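Me: I would like to look closely at one small part of this model, and then to see how that part is connected to what surrounds it. Please take me through it step by step.

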Amino acid sequence: MTHEVPTYIGFEEYSERVPASIPSAVQQATNRFVSGRAARVSELPQWEELRQIGSDIRLHTIEHMDVYLTRLEEKVKAAGGHVHWAQTAEDANRIVLQIAREHNVKTAVKSKSMATEEIGLNHALEQAGIQAIETDLGEYIIQLAGTGPSHIIVPAVHLKKEEIAAIFSEKLDMNAPADPIELARIAREVLREKFLNAEMGISGGNFLVAETGTLVMVTNEGNGRMCTTVPDLHVAVVGIDKVIPDWESLTVFLKLLARSATGQKLSTYTQFITGPRCEEGEFGPKEFHLVLLDNGRSNVLKDPVGREVFKCIRCGACANVCPVYKNVGGFAYGWFISGPIGAILSPQMLGTKTARELPYASTLCGACADVCPVKIPIPTILRHLRRRVAQGDAIALPTMPAPIRVTASLASLALTQNWIYRFGTRLLPTLMSVFRRDNWVPSAPYPLSRWTKARPLPPFTAGFRNWWKNVRSAKTKESAR
Amino acid sequence: MTNPVIDNIRRSLGRTVQSPIEPRPVIYASRQAESLESDMEHFLDEITKLSAVGEQLSPKEIDSALKSLVTEQNIRKATVWETASLRQLGVAEILNSLGVELVSANADKYEMAQCDLGITEADFLLPETGTLILKSSHEKPRAVSLLPRIHLAIVRPEMLRADMHQVFAEAKYSNYLVFITGPSRTADIELTVTLGVHGPRNLFVWVVEDRKNHHN
C-alpha cells in the first residue's frame, strides 16, 4: 500500500484494467461472508430492532461527539493512560515516533488497524529506523508482498496459496509449501519471536467507551491480544469517530459487528483495555497511550447528511453485497477504506477534487443500505456527494465542466416544468434525427456525449403521453360499450 | 487548556460547552436467563460448534481427565492461574505427579511461551455465544490463556450470566477483560479455516460441578 495520501483516485481508469484474478477471489470471500451473515441474522429475531438502536446510538454519539470525547479523555487519564490528540496524519505519526524514541524502540508489532493505514504509520516508523511488523496473517502476507489489501476482513484474499508460498520462500529464505495450514504455522513461528522481542505494540481500536475510558478490540487470530499484552508499551491509534457512550451501548455493537462482518456470533477475542496494567508485576503493558486521530473528521461533521458515514463500525458487509466492489475489488478505491463505505468516506475526508469519481462507483442499487448494521443511508449520501461533485455546495467547489452543469440544470428545469417538458418532447426527436444511425444514437454531441460513452442511446420518442391518451380513450370506449 | 480537535468538533456541530446533552437512546431488554441446566447445555453446544472441547466433570474426575489430556496432547510444561479454586482442586499437584514441569504464572514471557498448557478459570460464561470471560490480576495473568499452545479453562456453572449486559454491569470497572469465543482462528489464506494462528490452537472447557451440593 502506498504510504502517501492520494492526490487523485482514478477509479474509472483502474476499473478498466482490473486483474482477472481479482473478481473471482473477491467474490469467493464476499459470498462466504454474505451467507454467513444471513445465517446469523436469521437466528436473531430482534435483528432489525438492534440495527435501529445501533443507528440511533451512533447518530446520538456523532451529535454529541465533543461531550463523549471529553469524557473519554478524562477516564483514560484516570485509569493511568496517556491521551494524545492528533489533528493531522503527520501529528499522529510524530506522536507515535516520539513515544517510540522515548522508549528506545527498535521493533514494533502491529495488529490490523485502518487508522494506521490511513496515516501511513508503517512508512513513518521505517523512515525513522523502526521496524513495524504487521501480525494479522493477511496483513503480514501483503506486507511481505508489498501490496495493499483487497478486502477489509481478508486483505490477502486475492493471493493464491502458491503465490503466498512463493512470497514466504523468498522473503523468509526458506522452502514454504503451498498449504494454508503449513503457511499459517510458519507465520505463527516467525511472528511469535517478534511478539516476544518487540518493545512496542501498536493497535487500532473498534470502539472507545467514554464511560470508563476503555479501548475495545475485536480480533480472531489472537495477534491483537499479543500486541497489547506482551510488549511493555502499548500505543493505540484510533479515529475520534470510534467513541461510544457506555457499556450498555457496547452490547448492541458487539452483537451487530461480528455477525455482519464474518458471520460469527462473536469474534474469537474481544478485549476491553482500560489503561495500563494496574498491579505491580501483573502481566500486561506498563504504559498505555491513546492517540486520538482527527485528520479531517471534525470538518466532515459540518455536513448533516454526509456525517452519518461516522456511524460505521467497519464490518465490511456493504462491500460484500456491492455489485461494483465484487467486480473491481478493494484496490480500485485508492485509499485505506474500500467498498461503498469508502466511496462515501474518501470524498468527504480527501475532498471531492481528489475522490470525485468515487460517488459514481455505485449502481445505487441499495444493497449496502439493506445490510448495514447501523443503517447508514449510503445511496442517499452517494447522491448527495454526486451533487457536490457536480454542482459544488457550501463545502466544495464543482468539479464538472460548466457545459455539463448547465445541461444538467436545464434538464432539471425541464423535468420540473410541465410546459418545457412538453415542448422538449416535441423538439427532441427532430434534433436527435441528425445523430441517429438506423435505430440507435451511437454518439451524442458534447456535453451529452458522457451518456453514450459506454453504450448507444435508443432514439428519443417520449410517446408516453400520446400512448396513454390512446389507451385511455380506447378503454373508455370499451367500457361504454 | 483548549483542545483544537474538540473546538473544531463543536464548531462543526454548532455546539458550545454549555450545549445541552440529550439522553442516550434507550437500549432494548437483554436476554433472560434460563435454568442453569439449559443455559449450560446451550453453552457447551456453542463451544463445540467453535471447535473447542467442552466436558462436564465432578471434582474427583479432574485427576483422570488431566492425566488423559497430558498424555494425548503430549504436555511437558504447564502454567496455572494461582486462584483458590484451582488450588482446591489440586490442579498443580496433579500435574506435578504426572511429571509435568510447572512454570510460575508470573514467569517471564519467554518462559510462558514455552508452555504447552495454560490453565485458567473464567469469571463469567455466556451461553448464547459459548464465550469465556476472563479478568486479569497478579494471580490471574493474561498470558496463561494466550501464550501456551493449549488453553484449558476450568469453570463452574454459577459463572453463567444471561447476556453481556449482566457481565458488563459486574465487570466494567476491571482494567482488563477478555472475551474468548473458541480457539484462535484465521481464514486469511484462501479462506481455509486454520486454528491456532497466534493464540492457543486448542481450547478445552471443563465444567466442574460438585453434585453433592447441587440441588435439583
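In the hairpin of β5(B) and β6(B), which residue takes a positive phi, and how many residues are between the strands?

Reply: The residue is G130(B), which takes a positive phi near 65°, and the hairpin has 4 residues between its strands. Before going further, please keep in mind that this is a predicted model, in which local features need pLDDT of at least 70 and side-chain atom pairs count only at pLDDT 80 or more, while totals for chains, interfaces and linings use all residues. Residues are numbered from 1 along each chain as its sequence is written, and chains are lettered from A and ligands numbered from 1 in the order in which they are written.

Strands here are DSSP runs of E with at least two residues, helices are runs of H or I with at least four, and both are numbered from the N terminus. Two strands are said to pair if DSSP finds at least two bridges between them. In the hairpin, β5 (residues 124-126) of chain B runs antiparallel to β6(B), and 3 bridges join them; one example is F124(B), whose bridge partner in β6(B) is I133(B).

Strand β6, residues 131-135 of chain B, is mostly covered, since 4 of its 5 residues are buried, where buried means that 20 or more other C-beta atoms, placed from the backbone, lie within 10 Å of the residue's own (12 or fewer would make it exposed, and anything in between partly exposed). Besides β5(B), strand β6(B) pairs with β8(B), again in the antiparallel sense, over 4 bridges, and K135(B) has L177(B) in β8(B) as its bridge partner.

From β8(B) the path leads into the other chain. Strand β9 (residues 269-273) of chain A is joined to β8(B) by 5 bridges, and the two run antiparallel, with T270(A) standing opposite F179(B). In general, strands of a sheet pair through backbone hydrogen bonds, either parallel or antiparallel.

This pairing can be set beside the contact between the chains, which takes 56 residues from chain B and 77 residues from chain A; two residues are in contact if their C-beta atoms, placed from the backbone, lie within 7 Å. On the side of chain B that touches chain A, the elements that each supply at least two residues are α1 (4-13), α6 (109-113), α7 (164-171), β8 (176-180) and β9 (185-186) of chain B, and the largest share, 8 residues, comes from α1(B). By class, that side of chain B has 26 nonpolar, 19 polar and 11 charged residues, counting Ala, Val, Leu, Ile, Met, Phe, Trp, Tyr, Cys and Pro as nonpolar, Asp, Glu, Lys and Arg as charged, and the others, Gly among them, as polar.

For a contrast with the antiparallel hairpin, consider a sheet in chain A, where 6 strands form an open sheet in the order β1-β10-β7-β4-β2-β3 with parallel pairing. Its edges are β1 (82-86) and β3 (131-134) of chain A, each of which has a single partner strand, so one side of each is left without a neighbour in the sheet. Within this sheet, β7 (residues 233-239) and β10 (residues 287-293) of chain A pair in the parallel sense over 7 bridges, and V238(A) has L292(A) as its bridge partner in β10(A).
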